[in-house]
Amino acid sequence: MNPLPTTHLLYLHGFRSSSLSTKARQMAQRVAERHPQLQWWCPQLPPSPREAIDLVMNGIAPWPRSSMAVVGSSLGGFYATHVTGMTGCRAVLLNPAVHPARDLANYIGEQSSWHDPAEHFFFRPEYIDQLRALELGPLAQPEQVFAVIAKGDELLDWREMSARYPGSRIKLLEGSDHALSDFERHHLDDVMAFIDPA
């Protein structure tokens, strides 16, 4: 674990999700109420994986690597894996996508946002190659990762998720769902304890 408490916290939402997702809002509220000194950033990610990672890496460029942390949900968990691989920072992964280049190949075309069905974006074929380019091998510091994985996830295979993070702390849930509907009640405290805010 990092010796330093976290001073900067990044949250990355999932595919078709937004910075207004339930878990993002619950975390933002917890930070505002109990850790107001913590620098919080939850950007709205563009559909292009390359643009999303460029936005994130440019945004965190001035952040201290030894006291920053990232939380990512679903596709955001895949991005968060990339961020921790590049920076060595602490990472919390919530039902992280493990093979998005494979899984999202079925979603090429026009998509709508979960939180605003009137909002549309186009998921382009070249985004699959961009996802492939972001794949990393085994993490150099797996102990820096805490994954919350639900066996009840209706979109992603918990076995693949668990196998992706050997050496990391994994909280494996017998039920729940992809959205982790019980996040605030049962998992937010564990996530914040791992992040260890200053």
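The following conversation discusses a predicted model.

Reader: What is the strand order in the open sheet, and is the pairing parallel or antiparallel?

Author: The model is predicted, and in it six strands form an open sheet in the order 2-1-3-4-7-8, with parallel pairing.

Reader: Which strands stand at the edges?

Author: Strand 2 (39–41) and strand 8 (169–173) do. Each has a single partner strand, so one side of each is left without a neighbour in the sheet.

Reader: By how many degrees are neighbouring strands turned against each other?

Author: On average by 10°, with direction ignored.

Reader: Turning to strand 7, how many bridges does it form with strand 4?

Author: Strand 7 (residues 145–150) and strand 4 (residues 90–94) pair over four bridges, in the parallel sense. Within that pairing, Val92 stands opposite Phe146 of strand 7.

Reader: And how many bridges join strand 7 to strand 8?

Author: Five bridges join strand 7 to strand 8, and these strands run parallel. The bridge partner of Ile149 in strand 8 is Leu172. Between the two strands the chain passes through helix 6, and this β-α-β crossover is right-handed.

Reader: Are the residues of strand 7 buried or exposed?

Author: Six of the six residues of strand 7 are buried, so the strand is largely enclosed by the rest of the structure. Val145, Ala147 and Ile149 point one way from strand 7, while Phe146, Val148 and Ala150 point the other way.

Reader: Which strands does helix 7 lie across?

Author: Helix 7 (residues 183–195) lies across strand 1 (8–12), strand 3 (68–73), strand 4, strand 7 and strand 8. Helix 7 runs at about 165° to strand 4.

Reader: Which residue of helix 7 is in a salt bridge with Lys171?

Author: Asp190 forms that salt bridge with Lys171, the closest N and O atoms being 2.7 Å apart. The pair links distant parts of the chain, since Asp190 lies in helix 7 and Lys171 in strand 8, 19 residues apart. Asp190 counts as partly exposed because its relative accessibility is 26%.

Reader: How many salt bridges are there by this rule?

Author: The count comes to seven salt bridges. Arg102, Asp103 and Glu160 are linked in a network of such bridges.

Reader: What are the N to O distances in that network, starting with Asp103 and Arg102?

Author: In the salt bridge between Asp103 and Arg102, the closest N and O atoms are 2.7 Å apart. Glu160 and Arg102 meet through their side chains at 2.9 Å, N to O. Glu160 lies in helix 6 (residues 158–164) and Arg102 in helix 4 (residues 100–103), so this pair ties together parts that are 58 residues apart in sequence.

Reader: Are those three residues buried or exposed?

Author: Asp103 is partly exposed, with a relative accessible area of 23%. Arg102 is also partly exposed, at 45%, and Glu160 is partly exposed at 26%.

Reader: A change of topic: where is Ser18 found?

Author: Ser18 is found in the loop between strand 1 and helix 1 (22–34). Ser18 has a relative accessible area of 8%, so it is classed as buried.

Reader: What does the side chain of Ser18 reach?

Author: The side chain of Ser18 reaches the backbone nitrogen of Leu20 at 2.9 Å. Leaving aside residues up to four places away in sequence, Ser18 touches His13, Gln44 and His115.

Reader: One last topic, backbone angles. What is the phi of Asn95?

Author: Asn95 has a positive phi of about 45° although it is not a glycine. Asn95 is found in the loop between strand 4 and helix 4.

Reader: Is Asn95 buried or exposed, and why?

Author: Asn95 is buried, because its relative accessible area is 0% and buried means under 20%.

Reader: What about the phi of Asp196?

Author: Phi of Asp196 is near 55°, a positive value in a residue other than glycine. Asp196 is found in the segment after helix 7. At 34% relative accessibility, Asp196 counts as partly exposed.

Note on methods:
Residues numbered from 1 in each chain as written. Predicted model: local features only at pLDDT ≥ 70, side-chain atom pairs only at ≥ 80, totals over all residues. Heavy atoms only, no water. Pairing = 2+ DSSP bridges. Axes fitted to C-alpha atoms, helices over the stretch in contact; angles between N-to-C directions. Contact = heavy atoms within 4.5 Å. Buried < 20%, exposed > 50% of the residue type's maximum accessible area, 1.4 Å probe, protein only. Polar contact = N/O pair within 3.5 Å; in protein donor to acceptor, adjacent residues only side chain to side chain. Salt bridge = Lys/Arg side-chain N within 4 Å of Asp/Glu carboxyl O. Right-handed = clockwise from strand over helix to strand, strands pointing away.
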